[in-house]
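Colleague: I am new to reading models of this kind, and I would like to go through one feature at a time. Could you give me the general idea first, and then the case at hand?

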Amino acid sequence: MRFGLVGTGHWARVTHAPALACTEGTELTAVWGRDPRAAAGLAAEYQATPYHDVAAFLAGVDAVSFAVPPDVQGPIATQAAREGKHLLLEKPVALTGAAADDLVEAVEQAGVASVVFFTQRFQPDVRAWLAEVQARGGWIGGVSAWLGSALRDSSPFNTPWRRDKGGLWDIGPHMISLLWASLGPVTSVTADHGPLDVTHLILHHQGGATSTTTLTLSAPEAADGLDVYVWGESGRLAAPRGSLDQVAALSVALGELTANARTGQTRHPCDVWFGRDVGRVLAEAQRQIEARISG
Ligand SMILES: NC(=O)c1ccc[n+]([C@@H]2O[C@H](COP(=O)([O-])OP(=O)(O)OC[C@H]3O[C@@H](n4cnc5c(N)ncnc54)[C@H](OP(=O)(O)O)[C@@H]3O)[C@@H](O)[C@H]2O)c1
């Protein structure tokens with residue numbers, strides 16, 4: 001399957017391009033970037049063709065992998081879906097409900113396959129944990145915190161949209177996705193904020209469980225880390241904290257996307273509908289926090 005890559009930044013270079021190059025059944029044939037020199041440089045490394053014009057870029061590929069900020073991803077992904085391209089999307093799928101709805105509608109009408117890269121959901125050790133969580137059942141709650149330090153000066157992830165949207169929109173999708181998969185669909189959220197970009201969420205899940213999460217990208221490096229556990233009659237079951245091989249995880253996601261595209265399967269546990277639903281939780285949390293700040 002011929003893939004085009006949208007984006008030429010750090011994440012495209014260290015994760016998307018290598019994963020596209022090493023996954024069986026995918027071929028990186030085209031690179032689009034707003035900076036023609038960066039697109040040419042990345043494309044040359046993979047014997048792909050660089051593009052500046054989106055329509056020309058889309059014309060020669062079967063599927064598109066995205067590594068651009070969410071407000072840039074939304075409209076290009078919607079255009080790509082309308083042209084029948086399968087989508088490997090990044091989280092969050094968009095920054096507004098309207099943009100996410102447009103994308104979902106385009107995917108639905110075109111009947112293309114979609115997968116959103118909620119990274120942990122494609123890690124074998126996390127999948128094994130989720131399988132055990134689901135097999136045991138009987139969970140009463142979940143407790144989680146992701147204290148990230150991406151907004152430190154030296155981080156390659158200290159990018160403009162993260163400085164603007166903070167941990168809620170960057171790592172919030174990963175946490176909500178994990179809690180959703182372990183305790184059931186999220187039915188409501190209550191949000192409050194702390195200093196810097198610290199966000200606290202209380203989630204209610206279908207079936208009655210509740211969970212909490214604390215999110216920030218402004219933690220000191222010494223405090224950096226991710227903790228998740230669910231608890232119930234059988235005790236606590238903590239998610240693995242092992243090292244993340246992001247290229248291997250994306251390769252799993254690409255493999256599942258291409259398998260679905262080949263068989264005409266449009267639904268996936270991490271498809272664009274799920275991405276939109278996670279985004280609705282984030283948007284409601286942001287609305288509540290803004291109301292607290294202004295009120
Ligand atoms: N799943 C994960 O674990 C994970 C991890 C990291 C990142 N991500 C996701 O990957 C995406 C990109 O990551 P990032 O924010 O860290 O960015 P990044 O890797 O630094 O790259 C951003 C890219 O988008 C381009 N870009 C920025 N603003 C643009 C605009 N207005 N129009 C066109 N192109 C624009 C940049 O072009 P220039 O180089 O010209 O500025 C660059 O090519 C985000 O959605 C993020 O959530 C996911």
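Modeller: Let us begin with accessibility, where a residue is called buried under 20% relative accessible area, exposed over 50%, and partly exposed in between. Please keep in mind throughout that this is a predicted model. With those cut-offs, Gln47 at 70% relative accessibility counts as exposed, and Leu196 at 73% relative accessibility counts as exposed as well.

Colleague: Where does Gln47 lie, and what is its phi?

Modeller: Gln47 is placed in the loop between helix H2 (36-45) and strand S3 (49-51), and its phi is positive, at about 50°, although the residue is not a glycine. Leu196 can be read in the same manner: its phi is near 55°, again a positive value in a residue other than glycine, and its place is the loop between strand S8 (186-193) and strand S9 (199-205).

Colleague: Which peptide bond is cis, and where is the proline that follows it?

Modeller: The bond to look at runs from Lys91 to Pro92, with omega near -20°, and Pro92 belongs to the loop between strand S5 (86-89) and helix H5 (97-110).

Colleague: How should I read the surroundings of the ligand, and which residues come nearest to it?

Modeller: A residue enters the shell if one of its heavy atoms lies within 4 Å of the ligand. Here there are 23 residues around the ligand, of which Arg34, Lys91, Thr119, Trp161 and Arg162 come nearest. By type, the shell divides into 10 nonpolar, seven polar and six charged residues.

Colleague: Which N or O atoms of the protein lie close to oxygen atoms of the ligand, and at what distances?

Modeller: For a polar contact we look for a pair of N or O atoms within 3.5 Å. The side chain of Arg34 has an N or O atom 2.8 Å from a ligand oxygen, and the side chain of Arg162 has one 2.7 Å from a ligand oxygen, whereas Val68 uses a backbone N or O atom, at 3.1 Å from an oxygen of the ligand. Taken alone the ligand exposes 920 Å², and the protein buries 80% of that area. Two or more residues of the shell come from each of helix H1 (10-22), helix H4 (70-82) and helix H7 (160-170), and H7 gives the most, with three residues.

Colleague: How many aromatic pairs are there, and how do I decide on their geometry?

Modeller: Two rings pair if their centres lie within 6.5 Å, and planes over 60 degrees apart count as edge-to-face. The whole structure holds five such pairs. In one of them, the ring centres of Trp11 and Phe157 are 5.9 Å apart and the planes stand at 65°, so this pair is edge-to-face. Trp11 sits in helix H1 and Phe157 in the loop between strand S7 (139-147) and H7, so that the pair links parts of the chain 146 residues apart. Phe157, at 27% relative accessibility, counts as partly exposed.

Colleague: What can be said of Trp180 and Phe274?

Modeller: They are an edge-to-face pair too, 5.2 Å centre to centre with 90° between the planes. Because Trp180 lies in helix H8 (residues 172-183) and Phe274 in helix H10 (residues 272-294), the pair ties together parts that are 94 residues apart in sequence. Both Trp180 and Phe274 are buried, and together with Phe118 they form one aromatic cluster.

Conventions
Residues numbered from 1 in each chain as written. Heavy atoms only, no water. Polar contact = N/O pair within 3.5 Å; in protein donor to acceptor, adjacent residues only side chain to side chain. Areas by Shrake-Rupley, 256 points an atom, 1.4 Å probe, with all protein chains shown as cover. Helix = DSSP H or I, 4+ residues; strand = E, 2+ residues; numbered from the N terminus. Nonpolar A, V, L, I, M, F, W, Y, C, P; charged D, E, K, R; others polar. Phe/Tyr/Trp six-rings, centres within 6.5 Å; stacked < 30°, edge-to-face > 60°. Buried < 20%, exposed > 50% of the residue type's maximum accessible area, 1.4 Å probe, protein only.
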